[in-house]
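User: Hi! I'd like to walk through this structure with you, one question at a time. Could you take a look?

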Amino acid sequence: MHDVHSRWQAILESISLSAGKAGRNAGEIELMAVSKTHPYEAISELFACGQLLFGENRVQEAEQKFPLARPVGMDLHLIGHLQSNKAKKAVSLFDAIDSVDSVKLAEKLESLLSRPLPILLEYKTALGDREKSGFSTPDELFFALEKLSGYRHLTVRGLMTIGPLGAGERETRAAFAALYNLAEQAKLRFPAMDFSTLSMGMSQDFGWAIEEGSTRIRVGTALFGAREYV
């Protein structure tokens with residue numbers, strides 16, 4: 001428990017330092033604990049520290065790991081690629097889906113819902129990486145937003161990206177700056193929609209992400225330690 005609390009406090013201090021360098025208020029930046037591959041016991045320890053927002057990559061893992069009745073205040077988001085055939089299970093498990101990467105998936109989710117569901121649209125800033133999901137061009141993203149503007153249940157809260165893994169500072173910052181600029185364009189084109197969340201930055205690059213405008217960082221290894229399995 002002491003180690004978990006120490007790591008959590010260290011991340012919060014790093015957020016504050018990065019925000020200060022950028023002239024920002026650290027209170028504008030959410031910390032999401034990415035609990036992929038880590039047991040529920042570790043999640044509970046972190047929740048007891050005061051961490052409320054958690055992200056999981058896989059529907060099946062989250063279903064097996066989290067209790068049916070989660071503690072009050074625990075906010076669980078899906079941040080990994082969602083296949084359409086798992087959409088029904090996802091809408092019953094998660095409080096939000098931060099990785100909507102196609103109009104087809106958005107349509108499927110909307111058809112399953114009878115309640116509001118917050119989402120982020122995933123944008124692919126590392127265009128050379130074929131393994132990453134996401135909208136690839138501004139036009140694709142804006143087309144999706146046009147469709148979503150008429151939906152009753154899916155509620156856009158912003159954008160998400162995964163920076164170029166293993167890249168240097170210049171390339172990584174450029175990816176994050178691109179998402180920030182895209183969100184600014186989206187605000188002008190769709191003034192009635194909410195683009196307040198920019199989810200970008202992970203354990204290895206969240207400082208740069210904060211300096212480029214991130215409002216939510218996704219941290220796993222730096223909080224939980226090395227993954228327990230792949």
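Analyst: Happy to! Keep in mind that this is a predicted model. A good place to start is helix H6, where the face turned away from the buried side carries the exposed residues Asp139, Phe143 and Glu146.

User: Which residues of H6 are buried, and over what arc around the axis do they spread?

Analyst: Helix H6 runs over residues 138-148, and its buried residues are Leu141, Phe142, Ala144, Leu145 and Leu148. They sit on the same side of H6, because the arc they cover around the axis is only 160 degrees.

User: What covers the buried residues of H6?

Analyst: The cover includes two strands, E5 (117-122) and E6 (154-160). Helices are part of the cover too, including H5 (103-112) and H7 (169-189).

User: Are H6 and H7 roughly parallel or oblique to each other?

Analyst: The residues that meet are Pro138, Leu141, Phe142 and Leu145 on the H6 side, and Leu182, Gln185, Ala186 and Arg189 on the H7 side. The two axes lie 11 Å apart, the packing angle is about 40 degrees, and H6 passes H7 in a right-handed crossing. Roughly parallel would need an angle under 35 degrees. H6 and H7 are therefore oblique.

User: How are H5 and H6 oriented to each other, and which residues make the contact?

Analyst: Here the angle is about 15 degrees and the axes are 10 Å apart, so H5 and H6 count as roughly parallel. Their crossing is right-handed. From H5 the contact uses Val103, Ala106 and Glu107, and from H6 it uses Phe143, Ala144, Lys147 and Leu148.

User: Is histidine 153 buried or exposed?

Analyst: Histidine 153 is found in the loop between H6 and E6. Leaving aside neighbours within four places in sequence, its contacts are Glu110, Leu113, Ser114, Arg115, Pro116 and Leu117. Its relative accessible area is 13%, and the cut-off for buried is under 20%. So histidine 153 is buried.

User: Which side chain makes a polar contact with histidine 77?

Analyst: Histidine 77 belongs to strand E3 (residues 75-78), and it counts as buried because its relative accessibility is 5%. Not counting residues up to four places away in sequence, histidine 77 touches Met32, Leu53, Phe54, Gly55, Glu56, Phe94, Ala96, Asp98 and Arg216. The polar contact, at 3.0 Å, is with the side chain of aspartate 98.

User: Which residues of H2 are exposed on the face turned away from its buried side?

Analyst: Let's begin with the buried residues of H2, which are Tyr40, Ala42, Ile43, Leu46, Phe47 and Cys49. Their arc around the axis is only 165 degrees, which puts them on the same side of H2. The face turned away from that side carries the exposed residues Glu41 and Ala48.

User: What follows H2, and what is its phi?

Analyst: The helix itself covers residues 40-49. H2 is followed by glycine 50, whose phi is positive, near 120 degrees.

User: How far apart in space are threonine 37 and phenylalanine 224?

Analyst: Threonine 37 lies in the loop between strand E1 (30-34) and helix H2. With 2% relative accessibility, threonine 37 counts as buried. In sequence, 187 residues separate threonine 37 from phenylalanine 224, while in space their C-alpha to C-alpha distance is 9.9 Å.

Terms used. Residues numbered from 1 in each chain as written. Predicted model: local features only at pLDDT ≥ 70, side-chain atom pairs only at ≥ 80, totals over all residues. Heavy atoms only, no water. Helix = DSSP H or I, 4+ residues; strand = E, 2+ residues; numbered from the N terminus. Buried < 20%, exposed > 50% of the residue type's maximum accessible area, 1.4 Å probe, protein only. Polar contact = N/O pair within 3.5 Å; in protein donor to acceptor, adjacent residues only side chain to side chain. Contact = heavy atoms within 4.5 Å. Arc of directions from axis to C-beta. Axes fitted to C-alpha atoms, helices over the stretch in contact; angles between N-to-C directions. Parallel < 35°, antiparallel > 145°, perpendicular 65-115°, else oblique. Left-handed = near helix turned anticlockwise from the far one by under 90°.
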